[in-house]
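Open the structure in your viewer and keep the selection tool at hand. The stops below say what to select next and what is there.

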Amino acid sequence: MADLFIKQSKQYAKARPDYPEELFDYIASKTNCHDLAWDVGTGNGQAAGSLAGIYKNVIATDTSQKQLEFAIKLPNIRYEHTPAVMSIAEVEQKLAPKSSIDLVIVAQALHWFDLPTFYQGVNWVLKKPNGVLAAWCYTVPRVNNVVDTVFDRFYTVDVDPYWDPQRKLVDNKYRSIDFPFAPVDGEDNTGPFEFVTERLMDLDGFFTYIRSWSAYQTAKEKGVELLSDDVIAAFREAWNDGGDGNKAVKFPVNLRIGRVGN
């Protein structure tokens, strides 16, 4: 996973959407204590920065040192460069003791993980019985009918062959991802629960977002430029329809959340 994002770390930090405040308020309302949270696959620290305003301390880890170089710096966030898979001993050594963490989050990354190994670590490190795991993904952006028509063809026809198979879990809004946890208080299932994040973008910013995709990098390494002149022209015509250079781009966010139990 890390290798896919190394070459576009700067684009990732610049173009990826932030997550809505309502998402973090909801997650925080499901954790009994707000002492320590762990952001796994933090990337450039987007989610960690929001957690730092709620939890006393945040540990944020990633397998990509390059991504961490662009991470948000705050006094109560501790960043750690970690291997893709960690043993229980490594989790204790690098992160925290057993049953000491209130919340583990994974933002737009759970589909990349070795889930059985990861869940073993999560069960070990979360407080019992009410420690919470929250994992979310955002799906395709929505702009307006004209732009969405161009985007959907581009996404399903041009880009699809270059996505890693795990991307299908995102397209399915994490409905089919293995998530062996109990519902949090007040819910009768683990989701997905939908939120929406919105970002004002011009067309160049939208293209920067597309260039931050792992599929874009994979295609480029195979000698394919997904944003060809014809594709750019089609997007430009659709984007300029109505004459507004900046547009509100909405990203649906789909959350799975559960508690560890006993």
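Contact here means that heavy atoms lie within 4.5 Å. The model is a predicted one.

**Stop 1: helix 7**

Select residues 115-125, which form helix 7. Its buried residues are Leu115, Phe118, Tyr119, Gly121, Val122, Trp124 and Val125. Now add strand 1 (36-40), helix 6 (88-94), strand 4 (103-107) and strand 5 (132-138), which are among the elements that cover those buried residues.

**Stop 2: Glu92**

Stay with helix 6 and pick out Glu92, which has its place there. Is Glu92 buried or partly exposed? With a relative accessible area of 45%, Glu92 is partly exposed, because values between 20% and 50% count that way. Leaving aside neighbours within four places in sequence, Glu92 is in contact with Pro97 and Trp124. Trp124 is one of the buried residues of helix 7. Select Gly121 as well: Glu92 and Gly121 are 29 residues apart in sequence, and their C-alpha atoms are 9.4 Å apart in space.

**Stop 3: helix 12 by itself**

Go to residues 229-240, the 12 residues of helix 12. From first C-alpha to last, helix 12 reaches 16 Å, close to the 16 Å expected at 1.5 Å a residue. Which residues of helix 12 are buried? They are Val231, Ile232, Phe235, Ala238 and Trp239. Look down the axis of helix 12: the buried residues fall within an arc of 135 degrees, so they line one face of the helix. In general, an α-helix has 3.6 residues a turn, so residues three or four places apart point the same way. On the other side of helix 12, select Asp229, Asp230 and Glu237, which are exposed. Just after the helix comes Gly242, with a positive phi near 100 degrees.

**Stop 4: what helix 12 packs against**

Show helix 8 (145-159), strand 6 (193-201), helix 10 (203-211) and strand 7 (247-259) together, since the buried residues of helix 12 pack against these elements. Two of the helix pairs are worth a separate view.

Begin with helix 8 and helix 12. Their axes are 8 Å apart and the packing angle is about 155 degrees. The two helices are therefore roughly antiparallel to each other, and their crossing is left-handed. To see the contact, select Val146, Val147, Val150, Phe151, Phe154 and Asp158 on helix 8, then Val231, Ala234, Phe235, Ala238 and Trp239 on helix 12.

Next, show helix 10 with helix 12. The axes of helix 10 and helix 12 come within 11 Å and cross at roughly 135 degrees. That angle makes helix 10 oblique to helix 12. The crossing of helix 10 and helix 12 is right-handed. Here Leu203, Phe206, Phe207 and Ile210 of helix 10 meet Ile232, Phe235, Arg236 and Trp239 of helix 12.

**Stop 5: Asp185**

Finish in the loop between helix 9 (167-171) and strand 6, where Asp185 is found. Asp185 has a relative accessible area of 53% and is exposed. What does Asp185 touch, not counting residues up to four places away in sequence? Select Lys30 and Arg259 to see those contacts. Then select Thr31: Asp185 and Thr31 are 154 residues apart in sequence, while their C-alpha atoms are 9.2 Å apart in space.

Notes: Residues numbered from 1 in each chain as written. Predicted model: local features only at pLDDT ≥ 70, side-chain atom pairs only at ≥ 80, totals over all residues. Heavy atoms only, no water. Helix = DSSP H or I, 4+ residues; strand = E, 2+ residues; numbered from the N terminus. Expected span 1.5 Å × (residues − 1). Buried < 20%, exposed > 50% of the residue type's maximum accessible area, 1.4 Å probe, protein only. Arc of directions from axis to C-beta. Axes fitted to C-alpha atoms, helices over the stretch in contact; angles between N-to-C directions. Parallel < 35°, antiparallel > 145°, perpendicular 65-115°, else oblique. Left-handed = near helix turned anticlockwise from the far one by under 90°.
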